[in-house]
Amino acid sequence: MKKTVLVAMGNPNEFRGLVEFLENAESDTELEISQNIGSQAMLLYFLPKIKPHAVVLGEDLQGELSQEDLIARCKELSPETELIVYQGDLEAIGDSLVGKRELLGKIVAVWSPSGGVGKTEIAKNLALTAGQTYRVILLDANLCNPDIAEHLGLYYEQGKTLSAALQLWNEKRLTPGALRKILQPYQKISVLVGSEDTIEQTDYSPVFFRDLLRTLSQLADFVIADMDSDITSPAGISILLASHHVITPFSTVPSTLGHGKVYMDLLKESYQMNPHKFDPVLNRAGEGGSVSETDIEICMKRPVIATIPYRKEYLQSACKGSPLVLEKRLLSKKLSRTLQNVVRKYAQKDVSLG
């Protein structure tokens, strides 16, 4: 939907602020905004010729008419045009022009203290499954081995990686509009890939990841963060604290269960994290180990929300750069149904952060 807007504001700085605000607003409405009209005479000249959908009118526009007379004259010349008087509230203008898009803004981390349990595998397939219904951003927050780009067959384009987001943050320009420009489209989702040349972790800050997630959540129903195992990294605790839900994959290898128990106790006692936002997943069930769903539920005192069977096709999909849920086969449909149940759960359930 396209909407033409005439802007007549006496203060050029306020006009620039309005344009920036509207560019950052998340909406399906495409706005065609005029250059700032600086006088009442110019506004009254262009209004009947353009017949815009809306006029944004400042209170200090140059001219001899009173504000009430100017408004009355505008209504005479273009009765169908919505007239919005700017009184210093940008959000009110935004609501009138594009409305508020209701987004879930859910942050979902995929994390485990054990390596090799399929975190990236789950994150990418979950993101693509959710993307069939919701607006989704997949974030590669793995500082040790960022490989979402390889898994999806994407490139490390200059200015479209995690390091570009870090630069925006350092320059105090980390806004929804600026972030939108560095996301890469993939199928029906958006992706913020990691850095091809892994930056020293000391260059990052936990506050950066907190701010990044908060800003990304203004653009999506779900932000799904693929993490590494290190909770001491700048991304670690910061992302876990900020997340509404944390998917914690376990394999059938007993050591993953032991690691999970130790780290969950640590997160609860040292960081006061809410254990109820951690959701175990049994991944690669049937691979040959001895851990079962029941073992996980007894040890973690949390229900297993999904069980994904071991199939060599899951591992092969990473090498092909084609996530399994995108393929047309029975196995792909089964995986998609399993992950759809997780998406439905997260779309309806709220968990307090902590």
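**Entry 1: strands S11 and S12**

I began at Val-281 and looked for the residue facing it: Val-281 stands opposite Ala-306 in S12. I kept in mind that this is a predicted model. Next I looked up how the two strands are joined, and I found that S11 and S12 run parallel, with four bridges between them. I then followed the chain from one strand to the other: S11, helix H12 (residues 293-300) and S12 make a right-handed β-α-β unit.

Which way do the side chains of S12 point? Along residues 306-309 they alternate. Ala-306 and Ile-308 point to one face and are buried, while Thr-307 and Pro-309 point to the other face and are not buried.

**Entry 2: a look at Asn-283**

I stayed with S11, which covers residues 278-285, and picked out Asn-283 in it. Is Asn-283 buried or exposed? I found a relative accessible area of 0%, so Asn-283 is buried. For its contacts, I set aside neighbours within four places in sequence. The list that remains includes Val-117, Gly-118, Phe-250 and Thr-252, and Ile-308 is in it too. I was pleased to meet Ile-308 again, having just seen it among the buried side chains of S12. Glu-121 is another contact of Asn-283, and here the two side chains make a polar contact at 3.5 Å.

**Entry 3: helix H5**

Glu-121 led me to helix H5, where it is one of the buried residues. How many of the twelve residues of H5 are buried? Twelve of the twelve are, so H5 is largely enclosed by the rest of the structure. Among them are Lys-119, Lys-124 and Asn-125, along with Ile-122 and Leu-126.

I also checked the length of H5, residues 119-130. At 1.5 Å a residue, the helix should span 16 Å, and its end C-alpha atoms are 16 Å apart, so the two values agree.

**Entry 4: the sheet with S1 to S4**

Here I wanted the strand order. Four strands form an open sheet, S2-S1-S3-S4, with parallel pairing. Strands S2 (30-33) and S4 (82-85) are at the edges, each pairing on one side only. From one strand to the next, the twist averages 25°.

I then looked closely at S3 (residues 54-57), which pairs with S4 in the parallel sense over four bridges. What is the bridge partner of Val-56 in S4? I found Ile-84.

Two helices finished my page. Helix H3 (residues 67-77) lies across S3 and S4, running at about 160° to S4. Helix H4 (residues 90-97) packs on the sheet and touches S1, S2, S3 and S4; its direction makes about 170° with that of S4.

Conventions: Residues numbered from 1 in each chain as written. Predicted model: local features only at pLDDT ≥ 70, side-chain atom pairs only at ≥ 80, totals over all residues. Heavy atoms only, no water. Pairing = 2+ DSSP bridges. Axes fitted to C-alpha atoms, helices over the stretch in contact; angles between N-to-C directions. Contact = heavy atoms within 4.5 Å. Buried < 20%, exposed > 50% of the residue type's maximum accessible area, 1.4 Å probe, protein only. Polar contact = N/O pair within 3.5 Å; in protein donor to acceptor, adjacent residues only side chain to side chain. Right-handed = clockwise from strand over helix to strand, strands pointing away. Expected span 1.5 Å × (residues − 1).
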